[in-house]
Amino acid sequence: MPSSASGSAPATFLHKVIAAVSIAALVHAGYSAAQHRLYLRLTEQPFTALPADIVAQTLASLIFLCWAYTHVAGAFQPIRADIANGRRKWDDVGSCLSFATFEHRAKALSPTYAFDSGRSVSILLLLF
Amino acid sequence: MVADRRDWTTVSFEEGREALKEWREEHARRSEEVVELWEHVLSRSPSSLADELCTVYEQVCIAALDCSRTDLAHECINALHKRFPGSSRVLRLQAMFYEARGQWKTADDIYEKLITADETNPAYRKRRVAMLLGQGKRLEGIKALVEHLESFITDSEAWLQLSELYLAESDYARAAHAMEEVLLTAPTNSIYLRRLADIRYTQGGQENVEVARAYYEQALKFSPVDLRALYGIVLSCNTLVATARVTPDKKREYMTAAAAALARIQERYESVEPEAANPEEHSNIMEAVRGMEIH
């Protein structure tokens, strides 16, 4: 379905800068967390929780990244229904095969019908 | 009937099998070609079809009935009966066989029995409606179909057929309603959208043509290559411009929309057949397209 949620505004240079900075900040936060664990191991302290500044940096950079990247990625594309249906023709779509009747010119064109129609053929395998 | 008609007697076995499968899945009514394909290609070695064989027999049987090839249909039914004695699906084919021969009473008796045995299967009820249509009793057919839809309200094929029947009776309002029901099952299907637009446009009157234009626009959105929808937009906009009760603002809007659609039509012709290929025909087409513009 067409949608113009957050991708309505075109991507600006600012959005790209924010996206790049947030990626860097996110990587940095991960690196900081690893460094913190290394420091704890070297000083032989037990691990309880990550420092608040690392947690805050992770969350903030993640949210900024999500926001900026939706702009960088551009507007949402409508789902292409024509790929499924565009190739089809009304001849096929509107044929209603379950309701097909056999009363048409084919009887006149058939090589066998005129010969057959005089006889009352019944296929003898009715086994109710 | 079919634009891309080709000679099916010389294709390879595998190709023929693929073609049959495709038509089966698309519900295409290509009976003559199915029979041709079966007789010239596939019947040489039916056993190579393995699991598919029974479905192919059923398909060929219906196609044969559609071509009044009683002999072939008989052969298919016999083969299927040997494989599945007492099957209701084969029995349905037999009933269709009697239908094709005009032995309505016998066919109806079989359907009656099948419906009593399996009340939830819509296929037999649909055949009974088809039988009424085959006998030319269209109004009775409509009545039976409406009754059928009361129990099977989500049957989009039945709604589509109902719409066609109302169209044959020139009852555009009811046909449009039935088509709306079809559309509900597939809201992004551009073909249904276009069909509904066609009905509304035919119905006429400012309100209906406005609705038709909206449906054409929607159809075009889902299928940007839909030339008929483009023509629909041009025609409905031109009609609306000519109506008395339309404000100058609206009038300008319609004219812009029509002009934009015409530009896209020209673009499309250009892409399908460039001017260099056949300059004279090209200029004729462009002339005709430009002639639709209102100034």
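This tour moves through a predicted model, from chain A to its contacts with chain B and then into chain B itself.

**Chain A as a whole**

Begin by selecting chain A and colouring by secondary structure. Chain A holds 6 helices and 0 strands, so ordered from the N terminus that its elements read α-α-α-α-α-α. With burial mapped onto the surface, 28% of the 128 residues of chain A count as buried. For contacts within chain A between residues at least 6 apart in sequence, 77% link residues that are at least 24 apart.

**The annotated spans of chain A**

Next, select residues 12-34 and 54-79 of chain A. The unreviewed UniProt entry gives both spans the feature "transmembrane region". Keep residues 12-34 of chain A highlighted: this span is 96% helix and 0% strand, and its end C-alpha atoms are 34 Å apart.

**A:V93 and its surroundings**

Now centre the view on A:V93, in helix α4 (residues 90-93) of chain A. Is A:V93 buried or exposed? Its relative accessible area is 9%, under the 20% cut-off, and A:V93 is therefore buried. Display the residues around A:V93: leaving out those up to four places away in sequence, A:V93 touches A:R88 in chain A, and B:L160, B:I191 and B:Y192 in chain B. For a distance within chain A, draw a line from the C-alpha atom of A:V93 to that of A:L65. These two residues are 28 residues apart along the chain, and their C-alpha atoms are separated by 46 Å.

**Across to B:Q161**

Move to B:Q161, which is found in helix α9 (residues 156-168) of chain B. B:Q161 has a relative accessibility of 11% and counts as buried. Which residues does B:Q161 contact, its neighbours within four places in sequence aside? The partners are A:C96 and A:F99 from chain A, together with B:L133 and B:L145 from chain B.

**The annotated domain of chain B**

Select residues 89-198 of chain B. An unreviewed UniProt entry annotates this range as "domain: EMC2 TPR-like". The chain over this range is 81% helix and 0% strand, and 37 Å separates the end C-alpha atoms.

**A helix pair in chain B**

Show helix α5 (residues 88-100) and helix α7 (residues 122-134) of chain B. In general, a packed pair of helices is described by the angle and the distance between the two axes. Here the axes come within 12 Å and cross at roughly 0°. Because angles under 35 degrees count as roughly parallel, α5(B) and α7(B) are described as roughly parallel to each other. Add side chains for the contact: α5(B) contributes B:S88, B:R92, B:M96 and B:E99, while α7(B) contributes B:A123, B:Y124, B:R127 and B:M131. By residue class, this contact comprises 4 nonpolar, 1 polar and 3 charged residues.

**Cysteines of chain B**

Finally, display the cysteine sulfur atoms. How many disulfides does a search of the whole structure find? The search finds 0 disulfides over all chains. Select B:C67, which is in no disulfide; the nearest cysteine sulfur belongs to B:C61, 12 Å away. B:C67 is buried, with a relative accessible area of 12%. Then select B:C76, likewise in no disulfide. The nearest cysteine sulfur to B:C76 is that of B:C61, 5.3 Å away; a disulfide would require the sulfur atoms to lie within 2.5 Å. B:C76 is buried as well, at a relative accessible area of 1%.

Methods:
Residues are numbered from 1 along each chain as its sequence is written. Chains are lettered from A and ligands numbered from 1 in the order in which they are written. This is a predicted model: local features need pLDDT of at least 70, side-chain atom pairs count only at pLDDT 80 or more; totals for chains, interfaces and linings use all residues. Side-chain values use heavy atoms; hydrogens and water are left out. Helices (H or I, at least four residues) and strands (E, at least two) are DSSP runs, numbered from the N terminus. Buried means under 20% relative accessible area, exposed over 50%, partly exposed in between (1.4 Å probe, protein chains only). Contact means heavy atoms within 4.5 Å. Axes are lines fitted to C-alpha atoms, for helices over the stretch in contact, and angles run from 0 to 180 degrees between N-to-C directions. Angles under 35 degrees count as roughly parallel, over 145 as roughly antiparallel, 65 to 115 as roughly perpendicular and the rest as oblique. Ala, Val, Leu, Ile, Met, Phe, Trp, Tyr, Cys and Pro count as nonpolar, Asp, Glu, Lys and Arg as charged, and the others, Gly among them, as polar. UniProt positions are given in the numbering used here, feature names are shortened, and annotations may be inferred rather than shown by experiment.
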